[in-house]
Amino acid sequence: QVQLVESGGGLVQPGGSLRLSCAASGSIFSTNVMGWYRQAPGKERELIATITSGGRTKYADSMKGRFTISRDNAKNTVYLQMNSLKPEDTAVYYCNFHAGVSIDYWGQGTQVTVSS
């Protein structure tokens, strides 16, 4: 069992920055992929970016340039640095942990609201 706890969400003005954190605990497999997703009201959950345990990153095309994913394996923590935030970035942001073909866990989500 893996537990994921997101933090760092909140209210931010357009053009501002925010850094989200996701701390993993439990039965952590050394080979894994972690990622950030988001879901706005009335919309499907969408991929932001993923990062492997080896540090390889992938980004959704719409997220490139403003968002940066990183991880600290020693702390079992993944981060999402968000810059130049826009109102349309308002959503619940979720952390994901995936390993093998059947191990898949989600955090509870953290709310990010971009508004003046």
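**Exercise 1. Classify the burial of Cys-95 and of the cysteine bonded to it, and describe the bond.**

Solution. Step 1: Cys-95 has a relative accessibility of 0% and therefore counts as buried, where buried means under 20% relative accessible area, exposed over 50%, and partly exposed in between, with a 1.4 Å probe and protein chains only. The structure is a predicted model, in which local features need pLDDT of at least 70, side-chain atom pairs count only at pLDDT 80 or more, and totals for chains, interfaces and linings use all residues. Residues are numbered from 1 along each chain as its sequence is written, and side-chain values use heavy atoms, with hydrogens and water left out.

Step 2: Cys-95 forms a disulfide with Cys-22, the two sulfur atoms being 2.1 Å apart; a disulfide is a pair of cysteine sulfur atoms within 2.5 Å. The count under this rule is 1 disulfide.

Step 3: The torsion about the S-S bond of Cys-22 and Cys-95 is about -85 degrees, so the disulfide is left-handed. The pair links distant parts of the chain, 73 residues apart: Cys-22 lies in strand β3 (residues 18–26) and Cys-95 in strand β9 (residues 91–99). Strands (E, at least two residues) and helices (H or I, at least four) are DSSP runs, numbered from the N terminus.

Step 4: Cys-22 is likewise buried, at a relative accessible area of 0%.

**Exercise 2. Determine the strand order of the open sheet that contains β3, and describe its edges.**

Solution. Step 1: The order of the 4 strands is β1-β3-β8-β7, with antiparallel pairing; two strands pair if DSSP finds at least two bridges between them.

Step 2: β1 (2–7) and β7 (67–72) each have a single partner strand and stand at the edges, so one side of each is left without a neighbour in the sheet. On average, neighbouring strands of this sheet are turned by 15 degrees against each other, direction ignored; the axes are lines fitted to C-alpha atoms, for helices over the stretch in contact, and angles run from 0 to 180 degrees between N-to-C directions.

Step 3: At one edge, β1 and β3 run antiparallel and are joined by 6 bridges. Glu-6 stands opposite Cys-22, and Leu-4 opposite Ala-24 in β3. The side chains of β1 alternate: Val-2, Leu-4 and Glu-6 point to one face and are buried, whereas Gln-3, Val-5 and Ser-7 point to the other and are not.

Step 4: At the other edge, 6 bridges join β7 to β8, again antiparallel. Phe-67 stands opposite Met-82 in β8. The covered face of β7 holds Phe-67, Ile-69 and Arg-71, and its uncovered face holds Thr-68, Ser-70 and Asp-72. The hairpin of β7 and β8 has 4 residues between the strands, and Asn-76 takes a positive phi near 50 degrees there.

**Exercise 3. Identify the residues of the largest nonpolar core that touch the most other members, and the elements that supply the core.**

Solution. Step 1: A nonpolar core is a set of buried Ala, Val, Leu, Ile, Met, Phe, Trp, Tyr and Cys residues joined through side-chain atoms within 4.5 Å. The largest core has 28 residues, of which Trp-36, Leu-80, Met-82 and Tyr-93 touch the most other members.

Step 2: Two or more residues each come from β1, β3, β4 (33–39), β5 (46–52), β7, β8 (77–82), β9 and β11 (110–114). β9 gives the most, with 5 residues.

Step 3: Apart from neighbours within four places in sequence, Tyr-93 is in contact (heavy atoms within 4.5 Å) with residues including Glu-6, Trp-36, Phe-67, Leu-80, Met-82 and Val-112.

**Exercise 4. Characterise the environment of Leu-11.**

Solution. Step 1: Leu-11 lies in strand β2 (residues 10–12). Its relative accessibility is 65%, so Leu-11 counts as exposed.

Step 2: Leaving aside neighbours within four places in sequence, Leu-11 is in contact with Thr-113 and Ser-115. The C-alpha atoms of Leu-11 and Ser-116 are separated by 9.0 Å, with these positions 105 residues apart along the chain.

**Exercise 5. Summarise the chain as a whole.**

Solution. Step 1: The secondary structure comprises 0 helices and 11 strands.

Step 2: Buried residues account for 40% of the 116 residues. Among contacts between residues at least 6 apart in sequence, 51% join residues at least 24 apart.

Step 3: The C-alpha atoms fill a box of roughly 40 × 25 × 25 Å along the principal axes.
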